[in-house]
Amino acid sequence: MPSSKNATIEEVIDKIKEKNLKANIDIIKKAYEYACKNHEEQTRLSGEPYICHPLNVAYILAELEMDEATICAALLHDVVEDTPITHEDIIREFSEEIAEMVEGVTKLGKIKYSTIKEQQVEDYRKMFLAMGKDIRVILIKLADRLHNMRTLKYLTRERQIANAKETMELYAPLANRLGIYSLKWELEDLSFRYLYPEEYRELLEGIEKKREERLEFIDNIVDEIKAKLDEEKIKCDIVGRAKHFYSIYRKMKRDNITLDQVYDLFALRIIVNSVKDCYAALGVVHELYNPMPGRFKDYIAVPKPNMYQSIHTTLIGPKGTPFEVQVRTWDMHRVAEFGIAAHWAYKEANKEKKSNVTVTEDKLVWLRETLEWQKDMQDPDEFLKTLKTELFEDEVYVFTPRGEIKVLPRNATPIDFAYNIHAEVGHKMVGCKINSKMMPIVTRLKSGDIVEVITSDTSKGPSRDWLKFVKSSSAKTKIQQWFKKNEREANVEKGKDIIEKEIKRIGMTHEDLFKTEWVKVALDRYRYNTVEDMYSSVGFGAISAGKIVAKLLEEYKKEHEEETIEEKIKELSKKATVHKAPTSGVVVKGIDNCLVKFSKCCNPVPGDNIIGYITKGRGVSIHRTNCTNVKDLIEEEGRIIDVAWYEDEPVKASYHVDIEVLSNDRTGLLSDIVKEITSQKINIMGVNTKTSKDRIATIEITLEVENVEQLNKIIKLIRKVDSVYEVNRKK
């Protein structure tokens, strides 16, 4: 089914029946009708009925040949979050199995976190815990994300970039890690389209130009290989496959080449009936064409951790043009397309055969390790960094002296290898041999290396310096757990000292912040049982002292109410400088000669709707009424006061205001923006620019303006600058 077309319930049912004639269609129809009824009044941003979304998610999962319980959960996956329906309702109407999957997919509730990053980390944690409980949850989540990416055009440019970036960094690698290439490629290409629109368009046009020529080249080779395989009586299917856009783009960037220099834009896939036929077919193509040295990979003998198996070889075709050939069996092809979904379905179909029941679990060792290391990782930055490292498949294959294969992250060291064997082997490691030669234990391993670990019972344990070199999350976790257990007292003392220094740095004391109830909030937030656990965690580096102190400071600010408004007005009156007219351009109603200060969080200018807030010792702070901080200020009883711009004799003054410009990066961009600003005789007080790896430029500019009309005029002019897609006044 084309990605642009919406699925119907009939198409979903037909797709299920293709592979499973015994499927319980009645319960799928019931789930569809239930979802229709509860989403009846809702629409998507595209204007379509909301039910289109769960239907398309269900169709994607039907293509992956998932069972009816998963299809039902897909149809119902938003009803608990977006309608009055509860978890208990789903159990009563359907089953606990379906309800658990729906709950696993449902996003976190309205939990308040201090940063967006912390919220994101909690979402990811919940997702991985749900995966550990039932892998089908993440399959629904991936299908949900794929359909949202297919309909991304209805969102704002800012949200398109944010969603595409998250998809490229988390969901596509996750699909890859689970071996579901049919989802991985489309998620990557859709993300590429929105993150790099210009490059995507150029690549599309470049490929279309020589499409006929390339197809003719591939067709001729297919005919030659098919004829030779028929001679050898090897039954097969041969298909030509165009490389995916993001794969081509990544190769061009990595090798610094143009599209004309990418030789394997098309690849051939030979699908046969047995492993024996795979190697026989390989012999045939190597006899027909010369293989390119160093371009042969046998993933049948050494499968990838995500279960992928295939033989890859690059050959020199007619006129010296290289092309790629992949050889695999039908079972391997199904696993390559569906990954963990294929193995899950296989397990379900063979429940009565005990030997097959563990097939999925054996392939998910990395997931169990992920669940293990995330328990001890409270720092959101460190969690996200480790998660992305864990998901991106970039690995080396090394051997034990007995010939057992170990798969490690790229640039892994013998330390990673030792901990991969067993924690105790890592703890007692004192040296290593690589290919029978003594080498430093921080040497980067290469595929094919034979590694031997040298241990000693007299070893005092791992070194903290090892944490700088190890690449696998499991090795890092095991080292940290050793220090956590064996140096607890030292870590507690070190953590105390670090926290005390942080408290002094912000000009406060231990007594100011360490109130029992505030400490409990911090312990609960970061999952510590005792204060000693918290100190120990800071001591061995699992979380920064700054995050602990920031949480305590939040609680401190909530409870410290200041003087009454009457006392405050008296204080303001004493400190206020006497002027015949307010030089600030603002009148505080009911108070003459009041000290006024413009808040830096929203930088109000004449023409803005404003509100006054009585501060401690600094007069009245002026905010815009739409300032992000105003909501919190209004909740503080008796602190808000009416203010207005002085109108009788307008005060000639200038005001600083911050704007943010979002643009696709290009040469001369900043120069063009500055030219527009100076043309209006507006002073630029400061500029800060940064460009992401996605080539999105964010430019923050501080301007000196007289009023809001002047500001709005310059914002309109900047929006017209080529490549700029958004200009906002910072709140």
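At 45% relative accessibility, Glu-208 counts as partly exposed, because that class lies between buried (under 20% relative accessible area) and exposed (over 50%), with a 1.4 Å probe and protein chains only. Before you dig in: this is a predicted model, where local features need pLDDT of at least 70, side-chain atom pairs count only at pLDDT 80 or more, and totals for chains, interfaces and linings use all residues. Residues are numbered from 1 along each chain as its sequence is written, and side-chain values use heavy atoms, leaving out hydrogens and water.

**Exercise 1. The negative patch**

Which helix gives the most residues to the negative patch?

Step 1: set the rules. A patch takes residues with over 30% relative accessible area and no salt bridge, and like charges are joined within 9 Å (nonpolar side chains, Val, Leu, Ile, Met, Phe, Trp and Tyr, within 5 Å). The areas are Shrake-Rupley values with a 1.4 Å probe, and for residues only the protein chains shown count as cover. Asp and Glu count as negative, Lys and Arg as positive, with His and the chain ends not counted. Each charge is placed at CG of Asp, CD of Glu, NZ of Lys or CZ of Arg.

Step 2: list the members. On the surface, Glu-208, Glu-212, Glu-213, Glu-216, Asp-219, Asp-223 and Glu-224 gather in a patch of negative charge.

Step 3: assign the elements. Helices (H or I, at least four residues) and strands (E, at least two) are DSSP runs numbered from the N terminus. Glu-208 sits in helix 12 (residues 197–209). The biggest share, 6 residues, comes from helix 13 (residues 211–231).

**Exercise 2. Salt bridges, long-range and local**

How many salt bridges does the rule give, and what do they join?

Step 1: apply the cut-off. You need a side-chain nitrogen of Lys or Arg within 4 Å of a carboxyl oxygen of Asp or Glu. That gives 21 salt bridges.

Step 2: look at Glu-65. Its side chain meets that of Arg-334 in a salt bridge, 2.7 Å from N to O. This pair links distant parts of the chain, 269 residues apart: Glu-65 is in the loop between helix 3 (52–63) and helix 4 (68–76), while Arg-334 is in helix 16 (residues 330–338). With a relative accessible area of 29%, Arg-334 is partly exposed.

Step 3: go on to Arg-150, which bridges to Glu-186 with the closest N and O atoms 2.7 Å apart. Here helix 9 (residues 136–150) supplies Arg-150 and helix 11 (residues 181–195) supplies Glu-186, 36 residues apart. Arg-150 is at 18% relative accessibility, so Arg-150 counts as buried. Glu-186, at 22%, is partly exposed.

Step 4: try a local case. Asp-497 and Lys-501 form a salt bridge at 3.4 Å, N to O. They are about one helical turn apart because 4 residues separate them in helix 25 (residues 488–505). Lys-501 is exposed at 54% relative accessibility, whereas Asp-497 is partly exposed at 38%. Shared partners also join Asp-67, Glu-97 and Arg-136 into one network of salt bridges.

**Exercise 3. Strands and a hairpin**

Which residue of strand 7 stands opposite Tyr-397?

Step 1: find the pairing. Two strands pair if DSSP finds at least two bridges between them. Strand 6 pairs with strand 7 (residues 405–409) in the antiparallel sense, over 5 bridges.

Step 2: read off the partner, Val-407.

Step 3: check the turn and the cover. The hairpin has 5 residues between the strands, and Gly-403 takes a positive phi near 90° there. In strand 6 (residues 395–399), 4 of the 5 residues are buried.

Step 4: compare with the open sheet of 4 strands, whose order is 12-14-13-15 with mixed pairing. Its edges are strand 12 (596–598) and strand 15 (640–641), each pairing on one side only.

**Exercise 4. Positive phi outside glycine**

Is Ser-436 buried or exposed?

Step 1: note the backbone. Phi of Ser-436 is near 70°, a positive value in a residue other than glycine.

Step 2: locate Ser-436 in the loop between strand 8 (429–434) and strand 9 (437–439).

Step 3: classify. Its relative accessible area is 70%, so Ser-436 is exposed.

Step 4: repeat for Lys-681, another non-glycine with positive phi, about 55°. Lys-681 lies in the loop between helix 32 (669–679) and strand 18 (683–691), and counts as exposed at 76%.
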